Amino acid sequence: MERLCNHYGPLIGHVGVTPFHDLPSPSILADPKVESHLRQIGFGYRAKYLYHTAVQISQTHEVGWLDSLRNPESPVMGRTVAPAGEMQPGGRAGYRVAHEELLALQGVGPKVADCVCLMGLGWGEAVPVDTHVWQIAQRDYKFGKGRNSSLTKGTYDAVGDRFRSLWGKEAGWAHSVLFTADLRAFSERLSTKIEVNTVKMEEENSDLDVRPASELITAAKIDLVETKIKRELEVQDGDRSKKFTRAKRRKGI
């Protein structure tokens with residue numbers, strides 16, 4: 001995104017000596033030379049979609065079309081906030097219209113359309129679903145696996161509806177938190193933070209054992225082993241006592 005803005009977007013200003021550029025308009029990206037240049041600066045296969053989508057928007061939509069799809073509760077600067085309608089299982093009417101119109105663009109599928117709706121157009125109920133999110137829904141929110149092993153449109157919509165039933169107009173952002181927390185890099189950081197906070201709480205309370213967590217775990221394991229050994233010895237002593245008593249009875253003692 002930074003490369004796209006730096007090469008094609010109008011200059012906004014500088015912070016120190018660093019220049020900052022706005023996003024380019026579709027008409028700027030509709031130049032025939034854009035696709036090959038985008039490939040040169042690292043956009044790969046996305047270059048074709050960016051160029052053809054820019055051409056499509058420039059030729060078939062009026063200026064400001066994308067902003068017209070925004071959530072009126074989250075308007076662009078200078079616009080008045082307005083109600084966005086009643087929430088439905090599939091999202092508000094404005095969100096559903098925006099999603100369908102974005103799907104008409106070349107290279108835009110349901111997930112990309114929902115990413116744009118959520119992060120660009122202010123529709124908080126948009127839930128971008130992929131196989132990772134589908135697995136989270138199955139594992140943590142009792143979403144049935146169904147008959148399909150792949151993510152079909154019906155399953156995609158059903159996962160989104162499930163999250164919307166839980167978190168309403170903020171379902172998309174709740175999904176983003178779940179998705180991020182489930183990534184290995186972030187889950188390890190989260191686990192470390194929880195452990196550190198737990199140790200701090202223990203240290204702040206003078207009545208608690210303030211040994212490091214690793215020592216506490218080792219001590220607990222030793223206690224369990226000692227308890228197990230003690231119980232086994234008691235059982236063995238009991239067995240010996242029973243055998244001795246039976247032997248005495250057989251001898252008539």
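1. Start with the ion pair at Glu 125. Glu 125 forms a salt bridge with Arg 92, and the closest N and O atoms are 2.7 Å apart. The two residues come from distant parts of the chain, 33 residues apart. Glu 125 sits in the loop between α6 (110-119) and α7, while Arg 92 sits in the loop between α4 and α5. Note that this is a predicted model.

2. Now the burial of that pair. Glu 125 has 0% relative accessibility and so counts as buried. Arg 92 is buried too, because its relative accessible area is 2% and the cut-off for buried is under 20%.

3. Arg 92 has a second partner. Its side chain meets that of Glu 73 in a salt bridge, 3.1 Å from N to O. Both residues lie in the loop between α4 (46-60) and α5 (93-103), so this pair ties together parts that are 19 residues apart in sequence. Glu 73 is partly exposed, with a relative accessible area of 34%.

4. A further salt bridge lies within a helix. The side chains of Asp 161 and Arg 164 meet at 2.9 Å, N to O. Both belong to helix α8 and are three residues apart, about one turn of the helix. Asp 161 is partly exposed at a relative accessible area of 29%. Arg 164 is buried, with a relative accessible area of 10%. By contrast with this local pair, Glu 73, Arg 92 and Glu 125 are joined into one network by salt bridges that share partners. The whole structure has eight salt bridges.

5. Which residues does Gly 168 touch, leaving aside its neighbours within four places in sequence? The contacts are Met 87, Glu 125 and Phe 163. Glu 125 thus appears again, here as a contact of Gly 168. Gly 168 is placed in the loop between α8 and α9. Its relative accessibility is 19%, so Gly 168 counts as buried; the limit is under 20%. Gly 168 is also 8.4 Å from Pro 89, C-alpha to C-alpha, with their positions 79 residues apart in sequence.

6. Next, the helices on either side of that loop. Helices α8 and α9 pack with their axes 9 Å apart, at an angle of about 105°. That makes α8 roughly perpendicular to α9. From α8, the residues that meet α9 are Phe 163, Arg 164 and Trp 167. Their counterparts in α9 are Ala 171, Ala 174, His 175 and Leu 178. Arg 164 therefore has two roles to check: it takes part in this helix contact, and its side chain meets Asp 161 in a salt bridge.

7. How do α7 and α9 cross, and at roughly what angle? The axes of α7 (residues 131-140) and α9 (residues 171-182) come within 10 Å and cross at roughly 95°. These two helices are therefore roughly perpendicular to each other. On the α7 side the contact is made by His 132, Val 133, Ile 136 and Arg 139. On the α9 side it is made by His 175, Leu 178, Phe 179 and Asp 182. His 175 and Leu 178 of α9 also meet α8.

8. One backbone angle deserves a look. Lys 142 is not a glycine, yet it has a positive phi of about 55°. Most residues other than glycine have a negative phi. Lys 142 lies in the loop between α7 and α8 (153-167). At 82% relative accessibility, Lys 142 counts as exposed.

9. The surface also has a nonpolar patch. Ile 12, Val 15 and Phe 20 make up this patch of about 320 Å². Val 15 lies in strand β1 (residues 11-15). Is Val 15 buried or exposed? Val 15 counts as exposed, at 59% relative accessibility.

10. Last, the overall picture. The protein has eleven helices and two strands. Along the sequence, the pattern is α-β-β-α-α-α-α-α-α-α-α-α-α. Of the 253 residues, 26% are buried. The accessible surface is about 17500 Å², and carbon and sulfur atoms account for 56% of that surface. Among contacts with a separation of 6 or more, 47% are between residues 24 or more positions apart.

Notes: Residues numbered from 1 in each chain as written. Predicted model: local features only at pLDDT ≥ 70, side-chain atom pairs only at ≥ 80, totals over all residues. Heavy atoms only, no water. Helix = DSSP H or I, 4+ residues; strand = E, 2+ residues; numbered from the N terminus. Buried < 20%, exposed > 50% of the residue type's maximum accessible area, 1.4 Å probe, protein only. Contact = heavy atoms within 4.5 Å. Areas by Shrake-Rupley, 256 points an atom, 1.4 Å probe, with all protein chains shown as cover. Patch = residues over 30% accessible without salt bridge, like charges linked within 9 Å, V, L, I, M, F, W, Y side chains within 5 Å. Salt bridge = Lys/Arg side-chain N within 4 Å of Asp/Glu carboxyl O. Axes fitted to C-alpha atoms, helices over the stretch in contact; angles between N-to-C directions. Parallel < 35°, antiparallel > 145°, perpendicular 65-115°, else oblique.
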